[in-house]
Amino acid sequence: MGRIIIFTGKGGVGKTTTAAAHGVKAARQGMKTLVVSTDMAHNLSDLFMKEIKEEPVEVDKNLYALEIDPNYEMSKYYGSISEAFKNMISFKNEENEEAMEDIVVFPGIEELFSLLKIKELYEENIYDLIIVDCAPTGETLSLLKFPELFSWYMEKLFPIGKVAMKVLRPVSKIAFKLDMPDEAAMNDIEKLYVKLGKLQELLKDREVCSIRLVTIPEKMVVEESKRSYMYLNLYNFNVDGVYINRLIPGDIDNSFFNQWIELQKNYLEELQSVFVNIPIYKIKWYETDVNGIDALDRVVKDSLEDDHIFDVLKITNNEVFQITENGYRLDVYLPFSNKGDFDLFESGTDIIVKLGNFKRNIPIPNVIRKYSIASAKLNNDILSIYFE
Ligand SMILES: Nc1ncnc2c1ncn2[C@@H]1O[C@H](COP(=O)(O)OP(=O)(O)OP(=O)(O)O)[C@@H](O)[C@H]1O
Ligand SMILES: [Mg+2]
């Protein structure tokens, strides 16, 4: 079984560098490795100093690189879908303002096709390891939550039984009046829908997919890393590694850096205390930018020697249902969230946890559906929802 490791983090922190260095290490170890970029502003070509396109190109022994072009993927495989979506989005429904709003945010579907491509590559089973170099955090998160959001749309939009309901949880009661896409498109949508269900499964499969956070010891980035970690947990992805990049070497002989070294030391300590349960790798700030395979090799030798680095480094269970005296309890792991941050709703067969701009539908198992939410509390980063 192959593995997928996804690198994410704020803009410019070193995601591409770290991802590519892992690629170089894996290839050297004899793993057939693919480094994939989903960032629209691709830069694997620059890094490997070789032209990289929308199909994998060999950049070194055992090492392949690919820059996904979502538009290419979409037109190649799902031609009739874009039309169907345009038609669907244009309908109106006065009674359901909230649902309407959600439908309007549909643009961004391109991002989804990058992930579908990764799923396909994984299923082709050609590579031992697929390394994903993501776009900066904001976009990555929307990318990761997209399959969830998409399933939600489909459930709201299509009457029961019409679309591949076999693989998905039951549909909500909201009935929309809308133009149904023609049959050709419908089949594509159906296929896409099934694929999305599987994509979600794949990305959340702890044995297959690891998410690794890249960060640097600076205030804004540290804060954003904490937030990303929270959202990634909210969406039930397994974050099992943190990379702290651009650490100024301690032996540097230049007084200009004295204060920087002190500042970095504080943020490093903060990061270490925050990610205490997750392996942390430190990468120093080099004299020049990191370009080409030799430079990446150096990063590997200095920081990524861990023999187990491609393994699942840690498994977090973000959602646990437990039986209580009066019913059930759902524990959701939400690191760094505050009491005031989230809202909780019940909607048909789902619990909806809303955190800032993020909303997650957690499907409720059948046995719990006859209970209702009695209370919820946040304790030690765990949101406990009581069903009674
Ligand atoms: N430890 C380091 N020492 C020196 N230069 C570095 C280091 N890490 C990254 N760089 C350089 O910083 C620049 C940005 O790094 P990189 O492209 O890996 O970041 P990124 O997170 O992928 O950025 P983006 O968000 O734009 O995709 C590159 O020129 C890279 O060579
Ligand atoms: Mg990058």
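# Walking through the helices, strands and ligand shell of a predicted model

Let me begin with Asn62, which is found in the loop between β3 and β4 (63–67). When I speak of helices and strands, I mean DSSP runs, numbered from the N terminus, with helices being H or I over at least four residues and strands being E over at least two. Before going on, I should say that this is a predicted model, in which local features need pLDDT of at least 70 and side-chain atom pairs count only at pLDDT 80 or more, while totals for chains, interfaces and linings use all residues. Residues are numbered from 1 along each chain as its sequence is written, and chains are lettered from A and ligands numbered from 1 in the order in which they are written.

Back to Asn62: its phi is positive, about 70°, although Asn62 is not a glycine. Is Asn62 buried or exposed? It counts as buried, because it has 20 C-beta neighbours inside 10 Å. The rule here is that a residue is buried if 20 or more other C-beta atoms lie within 10 Å of its own, exposed if 12 or fewer, and partly exposed in between, with C-beta atoms placed from the backbone. A useful partner for this example is Asn125, found in the loop between α6 (109–124) and β5 (129–133), where phi is again positive in a residue other than glycine, near 60°. Asn125, however, counts as exposed, because it has 9 C-beta neighbours inside 10 Å.

Stepping back to the whole chain, its secondary structure comes to eleven helices and 15 strands, and of its 388 residues, 36% count as buried. If we take the contacts with a separation of 6 or more, then residues 24 or more positions apart account for 72% of them, where two residues are in contact if their C-beta atoms, placed from the backbone, lie within 7 Å.

Now to the helices, starting with α1 (15–28). α1 has 14 residues and reaches 20 Å from its first C-alpha to its last, close to the 20 Å expected at 1.5 Å a residue, the expected span being 1.5 Å times one less than the number of residues. Of the 14 residues of α1, 13 are buried, so this helix is largely enclosed by the rest of the structure. After α1 comes Gly30, whose phi is positive, near 95°.

α1 also matters when we turn to ligand 1, since the largest share of the shell around that ligand, three residues, comes from α1. Of the 18 residues around ligand 1, those that come nearest are Lys15, Thr16, Thr17, Tyr286 and Asp289, and a residue is near a molecule or strand if its C-beta atom, placed from the backbone, lies within 6 Å of it. The shell divides into six nonpolar, eight polar and four charged residues; here Ala, Val, Leu, Ile, Met, Phe, Trp, Tyr, Cys and Pro count as nonpolar, Asp, Glu, Lys and Arg as charged, and the others, Gly among them, as polar. At least two residues of the shell come from each of α1 and β7 (239–247).

In strand β7 lies Asn245, which counts as buried because it has 24 C-beta neighbours inside 10 Å. Although Asn245 and Thr17 are 228 residues apart along the chain, their C-alpha atoms are separated by 9.8 Å. Leaving aside residues up to four places away in sequence, Asn245 touches Val13, Gly14, Thr18, Val214, Ile216 and Ile283.

Which residues of α11 are buried? They are Ile293, Leu296 and Val299, and, seen down the axis of α11, they fall within an arc of 110°, so they line one face of the helix; the arc is that of the directions from the helix axis to the C-beta atoms. It helps to recall that an α-helix has 3.6 residues a turn, so residues three or four places apart point the same way. On the other side of α11, Asp294 and Lys301 are exposed. The cover over the buried residues of α11 includes α1, β3 (57–60) and β8 (280–284).

I will finish with a hairpin. Strands β11 (residues 342–347) and β12 (residues 350–355) pair in the antiparallel sense over six bridges, and two strands are said to pair if DSSP finds at least two bridges between them. Phe342 stands opposite Leu355 in β12, and in this hairpin, which has two residues between the strands, Gly348 takes a positive phi near 55°.
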